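Work through the exercises below with the structure open beside you. Try each task before reading its solution.

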Amino acid sequence: MPLRILKALVRAAWALEYGLRRATRRLTRRPAYALAGACGGCARCCEQPTIQSGAMTWRVPLLRRAFLAWQRRVNGFTLVEADEETRAFAFRCAHFDWKTRRCDSYASRPFMCRDYPRALLDQPWPDLFPECGFRPLAPNAEAMRAALGRTTLSPEKLAELERKLFLR
Ligand code: SF4
C-alpha cells in the first residue's frame with residue numbers, strides 16, 4: 001500500500017478517535033477552552049513535534065520500538081529526546097525546512113500537526129508557544145470579565161488577570 005494512502009487512513013482513524021474522545025469529555029466534564037485567534041504561519045509548532053505516548057507504548061520495549069519506527073518511516077520523525085515524567089517523545093521532522101520554515105509534505109501532514117494547538121485545550125493551563133497566533137479562551141470568559149470589571153482592581157492588575165485566566 002502506498003505510504004500516502006496509509007497515512008491518510010491513519011489520519012482518519014486518529015481524527016475519529018480524537019473527535020469521540022472530545023465529545024465524551026464534553027458530556028462528562030466542564031467544557032474545555034475554546035480556540036481564539038488564527039494561525040500566523042510562524043511554524044514554531046513544526047520545530048520539534050512532540051507526542052505524549054500511552055503507558056504501554058512507553059514501557060513495553062517492542063511497542064516502543066514499533067511506535068518510533070512508525071514515526072520515522074511514515075511521518076519522517078526522528079527521535080530527539082524522551083521525557084520520562086510526561087512520557088513524551090520529541091522529534092525532528094524530515095519534512096520541515098528550517099530555512100524557508102515550510103513543510104514539504106503539508107498536504108499529507110499527520111493529524112497531530114493539523115491539530116496544534118487544539119489538543120492542548122483540555123489541559124487546565126494550556127501552554128501554547130508564545131509566537132502562536134492562536135490563544136485559549138475560557139468558556140466563561142465574558143461573565144468573568146464582567147465580574148472582574150466590577151472590582152476595584154487597577155487596570156494593570158485586571159489586564160494581568162485576564163491574560164492569566166485566558167479571558168481575552
Ligand atoms: S505555532 Fe501557532 S501560529 Fe505558529 S504555525 Fe503553529 S499553529 Fe500557526
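**Exercise 1. Locate R101 and classify its surroundings.**

R101 sits in the loop between β5 (96-97) and β6 (102-103). Strands here are DSSP runs of E with at least two residues, helices are runs of H or I with at least four, and both are numbered from the N terminus. The model is predicted: local features need pLDDT of at least 70, side-chain atom pairs count only at pLDDT 80 or more, and totals for chains, interfaces and linings use all residues. Residues are numbered from 1 along each chain as its sequence is written.

Step 1: check the backbone. R101 is not a glycine, yet its phi is positive, about 55 degrees.

Step 2: count neighbours. A residue is buried if 20 or more other C-beta atoms lie within 10 Å of its own, exposed if 12 or fewer, and partly exposed in between, with C-beta atoms placed from the backbone. R101 has 13 C-beta neighbours inside 10 Å, so it counts as partly exposed.

**Exercise 2. Apply the same two steps to F166.**

Step 1: place the residue. F166 belongs to the segment after α6 (155-164). It is not a glycine but has a positive phi of about 55 degrees.

Step 2: count. F166 has 19 other C-beta atoms within 10 Å, so it is partly exposed.

**Exercise 3. Classify A107, then relate it to A138.**

Step 1: A107 lies in the loop between β6 and α4.

Step 2: A107 has 6 C-beta neighbours inside 10 Å, so it counts as exposed.

Step 3: compare sequence with space. A107 and A138 are 31 residues apart in sequence, and their C-alpha atoms are 31 Å apart.

**Exercise 4. Describe two prolines, P117 and P139.**

Step 1: P117 is in the loop between α4 (111-115) and β7. A cis peptide bond joins Y116 to P117, with omega about 0 degrees.

Step 2: P139 is in the loop between β7 (134-137) and α5 (141-149). P139 has 14 other C-beta atoms within 10 Å, so it is partly exposed.

Step 3: P139 and L167 are 28 residues apart along the chain, and 8.6 Å separates their C-alpha atoms.

**Exercise 5. Work out the strand order of the open three-stranded sheet, and find its edges.**

Step 1: the order is β2-β4-β3, with antiparallel pairing. Two strands pair if DSSP finds at least two bridges between them.

Step 2: find the edges. β2 (50-52) and β3 (77-83) each have a single partner strand, so one side of each lacks a neighbour in the sheet.

Step 3: get the twist. Neighbouring strands of this sheet are turned by 30 degrees against each other on average, direction ignored. Axes are lines fitted to C-alpha atoms, for helices over the stretch in contact, and angles run from 0 to 180 degrees between N-to-C directions.

Step 4: examine one pair. Six bridges join β3 to β4 (residues 88-93), and the two run antiparallel. T78 stands opposite R92 of β4, and E81 stands opposite A90 of β4. The hairpin of β3 and β4 has four residues between the strands, and R87 takes a positive phi near 55 degrees there.

Step 5: add the helix. α3 (residues 61-75) lies across β3 and β4, at about 145 degrees to β3.

**Exercise 6. Test the length of helix α1.**

Step 1: the expected span is 1.5 Å times one less than the number of residues.

Step 2: α1 (residues 3-28) has 26 residues, so it should span 38 Å; the end C-alpha atoms are 37 Å apart, which agrees.

Step 3: check cover. The count of buried residues in α1 is zero, so the helix is hardly covered.

**Exercise 7. Which residues come nearest the ligand?**

Step 1: C39, C42, C45, C132 and G133 come nearest, out of 13 residues around the ligand. A residue is near if its C-beta atom, placed from the backbone, lies within 6 Å of the molecule.

Step 2: sort the shell. It divides into eight nonpolar, three polar and two charged residues. Ala, Val, Leu, Ile, Met, Phe, Trp, Tyr, Cys and Pro count as nonpolar, Asp, Glu, Lys and Arg as charged, and the others, Gly among them, as polar.

**Exercise 8. Summarise the chain.**

Step 1: the chain has six helices and seven strands.

Step 2: buried residues make up 7% of its 168 residues.

Notes
Two residues are in contact if their C-beta atoms, placed from the backbone, lie within 7 Å.
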